[in-house]
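Biologist: I have this one open on my screen and would like to go through it with you. Could you take my questions as they come?

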Amino acid sequence: MTRVTTETRTTYRTCPLCEAVCGLEITLDADNRVTSVRGDREDPFSRGFICPKGASLGALDADPDRLTEPIIRDRATDTWRQATWDEAFDLIAERAPAILGDHGRQAAALYLGNPNAHTVAGALYVPALIRALSTRNLYSASTADQMPKQVSSGLMFGDPLTVPVPDLDRTDYLLMLGANPLESNGSLCTAPDYPGRLKALRKRGGRLVVVDPRRTRTADLADEHLFIRPGSDAYLLFGIVHTLFAENLTDIRIEVAGLEQIRSAATPFTPEAVQARTGIPADTVGRLARELAAAPTAAVYARIGTCTAEFGTLTQWLVDVINVLTGNLDRPGGAMFATAAALGIVRTRPFRLGRWTSRVRELPEAMGEFPVATLADEILTPGDGQVRMLVTVAGNPVLSAPAGARLGEALAGLDFMVSVDRYLNETTRHADVILPPPRTLQAPHYDFALLQFAVHNYARYSPPLVALPDDRPSEPEILARLALSLAGQQPEPGRDCVAAVDELIIAGTLHKAGLTERRAELIGADSTEQRIDMMLRLGPYGEWNPDRRPVDIAPEGLNLRVLLDNPHGVDLGALQPRLPGVLRTDSQKVELAPQPLLDDTTRLVAELSAARPDVVLIGRRQLRSNNSWMHNVPALVGGSNTCTLHIHPDDVARLGLGELAAIESATGKLTVPVEPNDRIMPGVVSLPHGWGHSGSTQTVAREHAGVNANALTDDSRIDAVSGNAVFNGVPVTITPV
């Protein structure tokens with residue numbers, strides 16, 4: 001529903017700026033400029049909640065530094081000029097096939113940034129790029145973020161997209177590690193108004209325990225906050241597992257395999273043994289185990305602070321081992337699996353890790369991609385298969401990947417680079433062609449990925465709020481035509497290349513479902529909407545699914561028309577038990593002791609008595625910041641959203657620091673403003689990531705440049721199982737300036 005006056009119109013859509021999927025009420029003037037953004041109070045999931053990022057959507061949408069037309073770089077002068085769309089695609093069609101013809105398919109690489117998870121185009125049309133390149137050199141922000149959770153889920157449940165989330169609205173006890181949802185709005189746990197949900201947990205008599213090296217805003221809300229040494233979360237969790245077995249506190253309610261192996265693996269990790277590594281007293285470790293076992297319902301949840309550490313996959317595995325051992329996996333109030341409305345990838349075979357390895361460091365793939373930590377190696381190392389051409393989509397790995405300075409130097413030596421991006425930034429400045437997507441409000445929105453991790457089942461579709469000019473391609477058109485250009489092809493005259501991609505998918509999916517004759521029933525303003533309609537009809541609540549879950553608002557089953565008629569979103573009910581139906585393991589049981597994780601436990605044991613560095617670096621999430629691409633909005637810069645070094649006052653005095661400090665690691669050195677802060681534990685310092693905009697063409701970002709924290713991180717350090725980058729627990733030395 002859209003309210004219209006002679007001068008304005010008010011309409012609704014989902015916020016695309018983080019994982020919380022909040023509903024927005026947006027008012028536009030007669031020229032389609034955003035004049036107001038508020039929370040949508042009628043959204044059944046977010047109920048009017050909004051954060052500063054969402055409130056600034058209009059400013060982001062109208063950013064004067066945002067690219068509106070393709071630009072091409074003259075390498076000889078390192079200058080840019082505006083180009084037509086045909087000219088840009090023609091150049092790609094000329095250069096890319098020649099490089100692939102001379103050097104083979106593995107000479108190409110594709111990098112996908114975080115915003116791809118928040119767009120319809122990223123979900124539906126990036127696969128066309130992957131097929132066009134036919135290379136194994138696929139990289140994404142996943143290996144700088146959540147890959148440990150997906151790998152552990154793949155090994156335990158057979159599907160890396162089968163990720164349990166805490167049933168926030170019904171749990172009685174929540175143990176949270178390395179997560180700060182009051183700043184991040186949640187991650188791999190889609191929950192609008194996370195603060196309100198945590199307050200409701202405590203109001204109903206529940207208990208919240210936060211484990212973090214910093215006393216964050218989330219920790220302030222908790223019943224108890226425990227400081228922990230960065231990177232030692234797996235030791236704490238193993239200490240809890242050890243106690244559950246030692247004191248006969250287990251209550252397993254599902255079919256599992258590997259119980260005796262996990263019992264044996266936990267033997268060395270007594271609470272006393274892990275105390276020295278974590279800094280958490282042995283009696284506290286034991287008490288946490290007993291509290292989790294005794295609570296009516298409980299859930300353990302760990303996020304990016306634990307994923308981006310040396311033992312990230314072990315930590316994520318142990319989270320769900322504890323949820324299983326305490327009887328809380330797949331149980332209301334415990335850790336449960338969402339049921340997303342749109343039909344996603346249906347996995348028929350169990351997840352496999354390391355089906356192939358990278359050329360230089362022989363690192364195993366995970367979910368079809370290599371660690372971003374080895375992208376620079378693949379570009380800089382000569383030989384057969386050396387990466388000579390790169391395509392990036394909505395990513396800035398020079399700031400977000402480890403050893404960012406080294407990666408920037410590597411990108412400068414590429415033969416050819418294409419970026420689909422709204423900005424000329426620290427990464428895309430190395431491209432030969434930049435293809436900018438249209439305004440955010442000119443695109444449709446449906447959260448294919450994020451609703452798979454929702455704490456309450458829900459669906460919402462937002463059509464484009466502003467029409468595209470006739471000569472302006474949509475983001476699906478850009479990606480579909482880019483796929484053709486990379487193959488050296490031109491679109492057929494008069495043929496819609498997006499519709500061609502969609503029709504291929506629609507026809508194949510309906511044929512597999514035995515519903516080819518239903519093609520004419522699909523609705524939508526274009527083929528993209530028809531494809532979404534098909535995914536809804538075939539999904540768990542869909543009208544073409546004979547085993548569909550009932551939905552009060554759509555007794556005949558869900559389809560796109562239902563979502564169009566309910567612009568505030570549709571409540572699909574509380575999470576429900578889904579085991580064993582979602583399992584894809586060979587045993588058809590939850591695998592408690594996958595061999596790759598048991599193997600890495602040996603390394604964890606060896607590190608139990610390792611010496612600790614004097615000072616280590618961790619990252620920091622800030623409420624007004626989202627990775628590297630929201631530092632050009634005036635309303636979001638300033639206040640607490642600054643690039644400073646948080647350091648305990650005792651360390652300031654001990655190290656003799658003033659207003660500035662030099663911080664140095666094995667890979668780089670920075671000069672940073674010092675912000676004494678007693679909310680961080682001694683021996684730990686914190687820098688936010690995504691900064692380092694000196695020399696940027698983005699006006700506001702340049703004025704608040706900050707430093708690139710990933711000049712200090714080491715791309716040779718990764719989580720051994722998943723390949724995820726290590727950003728937390730980086731040894732550093734700090735000296736006065």
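Biologist: Which residues lie nearest the centre of the largest cavity?
Modeller: Bearing in mind that this is a predicted model, the residues nearest the centre of the largest cavity are K149, P164, Y301, A302 and V319, and the lining as a whole has 15 residues.

Biologist: And what volume does the largest cavity have?
Modeller: The volume of the largest cavity comes to about 100 Å³, and the search of the whole structure finds 3 cavities of 30 Å³ or more.

Biologist: Which elements supply at least two residues of that lining?
Modeller: Those are β9 (165-166), β14 (299-302) and α15 (312-325), and α15 gives the largest share, with 4 residues of the lining.

Biologist: How do the lining residues divide by class?
Modeller: In the largest cavity there are 10 nonpolar, 2 polar and 3 charged residues in the lining.

Biologist: Staying with α15, at what angle does α6 pack with it?
Modeller: Helix α6, residues 147-157, packs with α15 at an angle of about 50 degrees, and their axes are 8 Å apart. That angle makes α6 oblique to α15, and the crossing in which α6 passes α15 is right-handed.

Biologist: Back to cavities, what lines the second largest one?
Modeller: The second largest cavity holds about 70 Å³ of space, and its lining includes C15, C18, C22 and C51, along with L17, I50, K53 and N185 among others. By class, that lining has 9 nonpolar, 2 polar and 1 charged residues.

Biologist: Now helices again: how far apart are the axes of α10 and α12?
Modeller: The axes of α10 (residues 233-246) and α12 (residues 271-278) are 9 Å apart, and the two helices pack at an angle of about 170 degrees. An angle of that kind makes α10 roughly antiparallel to α12, and α10 passes α12 in a left-handed crossing.

Biologist: Let's switch to sheets. What is the strand order in the one that contains β16 and β17?
Modeller: The order is β6-β5-β18-β17-β16-β7-β8, an open sheet of 7 strands with mixed pairing. At its edges are β6 (79-82) and β8 (138-140), each of which pairs on one side only, and the twist averages 20 degrees from one strand to the next.

Biologist: Do β16 and β17 run parallel or antiparallel, and how many bridges join them?
Modeller: Strands β16 (residues 389-393) and β17 (residues 416-420) run parallel and are joined by 5 bridges, and V393 has V420 in β17 as its bridge partner.

Biologist: Which strands stand at the edges of the sheet with β22 in it, and why is one side of each left without a neighbour?
Modeller: That open sheet has 7 strands in the order β27-β22-β26-β23-β25-β24-β28, with mixed pairing. Its edges are β27 (730-731) and β28 (733-736), and because each has a single partner strand, one side of each is left without a neighbour in the sheet. Elsewhere in that order, β23 (residues 645-647) and β26 (residues 684-686) pair in the antiparallel sense over 2 bridges, with V685 in β26 as the bridge partner of I647.

Biologist: Last topic, the backbone. Where is the residue D193 found, and what phi does it have?
Modeller: D193 is found in the loop between α7 (181-184) and α8 (194-203), and it has a positive phi of about 55 degrees although it is not a glycine. For context, most residues other than glycine have a negative phi, and most peptide bonds are trans.

Biologist: And which residues does a cis peptide bond join?
Modeller: A cis peptide bond joins L579 and P580, with omega at about 5 degrees, and P580 is found in the loop between β20 (570-573) and β21 (590-591).

How values were computed
Residues are numbered from 1 along each chain as its sequence is written. This is a predicted model: local features need pLDDT of at least 70, side-chain atom pairs count only at pLDDT 80 or more; totals for chains, interfaces and linings use all residues. Side-chain values use heavy atoms; hydrogens and water are left out. On a 1 Å grid over the protein atoms alone, a cavity is a set of points where a 1.4 Å probe fits but cannot get out, and a pocket is an open set with protein on both sides within 12 Å along at least five of seven lines; lining residues have an atom within 4 Å of a point. Grid points are joined across faces, edges and corners, and a volume is the space filled by probe spheres set on the points. Ala, Val, Leu, Ile, Met, Phe, Trp, Tyr, Cys and Pro count as nonpolar, Asp, Glu, Lys and Arg as charged, and the others, Gly among them, as polar. Two strands pair if DSSP finds at least two bridges between them. Axes are lines fitted to C-alpha atoms, for helices over the stretch in contact, and angles run from 0 to 180 degrees between N-to-C directions. Angles under 35 degrees count as roughly parallel, over 145 as roughly antiparallel, 65 to 115 as roughly perpendicular and the rest as oblique. A crossing is left-handed if the near helix is turned anticlockwise from the far one by less than a right angle, and right-handed if clockwise.
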